[in-house]
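Trainee: Could you take me through a model, explaining how to read each feature before we turn to the case at hand?

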Amino acid sequence: MYSFLIHGGTRLKGKVEISGSKNSSLPIMAACLMAEGKTTLKGVPRLSDIDSMVKLLGDLGCHVYRHEGADSVVPGPSLDGPLDITVTDEKKAEASYDIVKTMRASICVLGPLLAKRKKAVVSIPGGCNIGDRPVDLHVRGMQKLGAQFRTENGYMVGEVSGRLKGCRMYLGGAQGPTVLGTINVMCAAALAEGETVLVGAACEPEVSDCANMLNKMGARITGHGTPEIRIEGVEKLSGVEHRVIPDRIECGTFMIAAAITNGELELKHCNLDHLIAVADRLEEVGVKVSRQNGTIFVSSNRRLNPVEMTTQPYPGFPTDIQAQLMALLAIGDGMSVITERIFPDRFLHVGELNRMGARIRKEGPTAVIQGVKELQGATVMCSDLRASAALVLAGMVAKGTTRLDRVYHIDRGYEKIEQKLNAVGAQIERINDR
Ligand code: EPZ
């Protein structure tokens, strides 16, 4: 197990290449279960969550091959090669507990398996550090398409007699739309009989990226990126070549890295349109954000204003950047308020930031942040992917050295984060745990 030693007081300056999106790659890889022939995916980052999906697809009768060499659109530190996914055996239908417990996104195989293999046996995802994460909307959507479900020893067993049947359905939940639920049902409907209309669908760019790939495979999907998606079912889908979109959450994290160190970063291979709400809050805080041809320029050279922010479904402020913004506001002027609407309990970073001298008080789904002059280095613990990113950001500005344990949480979603940050002036060492 690794830890980071982060020597604080650094100012970031330079160019960073943003990797392909984890949250787009995972459901897109699962959707390849429905394609005949080979699919080649470009820009898929090298992350432990991707390795888990590769393992799961292998268990489900796919041959997955990662080419060597760079397929990056921008010269420089290379992403690894394209990923070829070919279905070789359609008999298997189980996503085991051992995989699902390491990665909840395994649930993404549910729709593709039901649509293509008429059966899915998926371990029911358990507890999660960021809060309650049921999958009832996924199941309800599949049931509306005609799948039958029963629970057996911690697994959900879904079966379809004949073909799934398209219908009009509402897919919203108490916290609003579901991202992976929308993609899961959209995938299943792509091979169903007749038309499906998904009302209350998630509008995240990852939904559109998957729909675009499915349409290249021969699907008939329209309205993706809006709350109403129409899917005209087809008989079959064929393998294609597809490049996944840039990782907007990694990009947002680096935008805040520039702001928190009063630095200047050029972020390459990213799309500011996917981060409008983030740019809006950063400008309110006093950070300069601009763009030119796929590059985002972020700089800051002053103390930061307090702001209020509430996480919302896309295009609102993403919950996956809530912790990182909190780290920034912890060293800003005045009192800021953050309200978490998507995962109301997603505040495990609060205690760790307070250990570094922050003054943050949690009240239900809201955190009140009293800005302090400086943070101090301390030993802190990663609890989940984005909370860990916030602690890396805090460690870079803290006085002295911060030791960050359990960085395996970070490796799930950030490709070579310490190399990328050290290349623009950070001082982060990866050490083997005692
Ligand atoms: C995706 O998770 C992302 N994961 C999450 O990113 C992200 O936080 C989340 O969307 C919201 O943006 C991936 O893409 C792999 P949801 P997902 O279903 O789809 C409730 C990261 O850090 N809900 O949109 O699982 C749920 O509890 C991860 O990279 C139900 O009630 O999230 C939540 O309150 C963390 N029933 C809300 O909906 C359901 O069946 C939104 O969750 C499904 C969800």
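What follows is a conversation about the ligand site, some helices, a few single residues and the backbone.

Trainee: What should I keep in mind about the origin of the model and its numbering?

Mentor: This is a predicted model, in which local features need pLDDT of at least 70 and side-chain atom pairs count only at pLDDT 80 or more, while totals for chains, interfaces and linings use all residues. Residues are numbered from 1 along each chain as its sequence is written, and side-chain values use heavy atoms, with hydrogens and water left out.

Trainee: Which residues come nearest to the ligand?

Mentor: A residue is taken as near a molecule if one of its heavy atoms lies within 4 Å of it. Here 23 residues surround the ligand, and those that come nearest are Asp136, Leu137, Thr178, Asp320 and Ile342. Sorted by class, the shell has eleven nonpolar, five polar and seven charged residues, where Ala, Val, Leu, Ile, Met, Phe, Trp, Tyr, Cys and Pro count as nonpolar, Asp, Glu, Lys and Arg as charged, and the others, Gly among them, as polar.

Trainee: Which polar atoms lie beside the oxygen atoms of the ligand, and how much of the ligand does the protein bury?

Mentor: A polar contact is a pair of N or O atoms within 3.5 Å; within protein, one must be able to donate a hydrogen and the other to accept it, and residues adjacent in sequence count only if both atoms are side-chain atoms. In this site a polar side-chain atom of Thr178 lies 2.6 Å from a ligand oxygen, a polar backbone atom of Val179 is 2.8 Å from an oxygen atom of the ligand, and a backbone N or O atom of Leu180 is 2.8 Å from a ligand oxygen. The ligand taken alone exposes 820 Å², of which the protein buries 89%, the areas coming from the Shrake-Rupley method with a 1.4 Å probe, where for residues only the protein chains shown count as cover.

Trainee: Which elements give two or more residues to that shell?

Mentor: Helices (H or I, at least four residues) and strands (E, at least two) are DSSP runs, numbered from the N terminus. The elements in question are helix 1 (22-31), helix 5 (136-144), helix 6 (179-190) and helix 12 (385-397), and helix 5 gives the most, with three residues.

Trainee: How do I read the length and the burial of helix 6?

Mentor: For length, the expected span is 1.5 Å times one less than the number of residues; helix 6, with twelve residues, reaches 17 Å from its first C-alpha to its last, close to the 16 Å expected. For burial, buried means under 20% relative accessible area, exposed over 50%, and partly exposed in between (1.4 Å probe, protein chains only). Ten of the twelve residues of helix 6 are buried, so helix 6 is largely enclosed by the rest of the structure, and Thr178 caps its N-terminal end, with a side-chain oxygen 3.0 Å from the backbone nitrogen of Gly181. Helix 12 is likewise largely enclosed, because twelve of its 13 residues are buried.

Trainee: Where does Thr295 lie, and what is it in contact with?

Mentor: Contact means heavy atoms within 4.5 Å. Thr295 lies in strand 19 (residues 295-299) and is buried, with a relative accessible area of 8%. Leaving aside neighbours within four places in sequence, Thr295 is in contact with Glu266, Leu267, Lys268 and Ser290, and its side chain makes a polar contact of 3.4 Å with that of Lys268.

Trainee: Which backbone angles deserve a second look?

Mentor: Most residues other than glycine have a negative phi, and most peptide bonds are trans. In this model phi of His269 is near 60 degrees, a positive value, and His269 is in the loop between strand 17 (264-268) and helix 9, where it counts as buried at 15% relative accessibility. Asn293, in the loop between strand 18 and strand 19, has a positive phi near 45 degrees but is exposed, with a relative accessible area of 74%.

Trainee: Where is the cis peptide bond?

Mentor: The cis bond joins Tyr314 and Pro315, with omega about 10 degrees, and Pro315 lies in the loop between strand 20 (308-310) and helix 10 (322-329).
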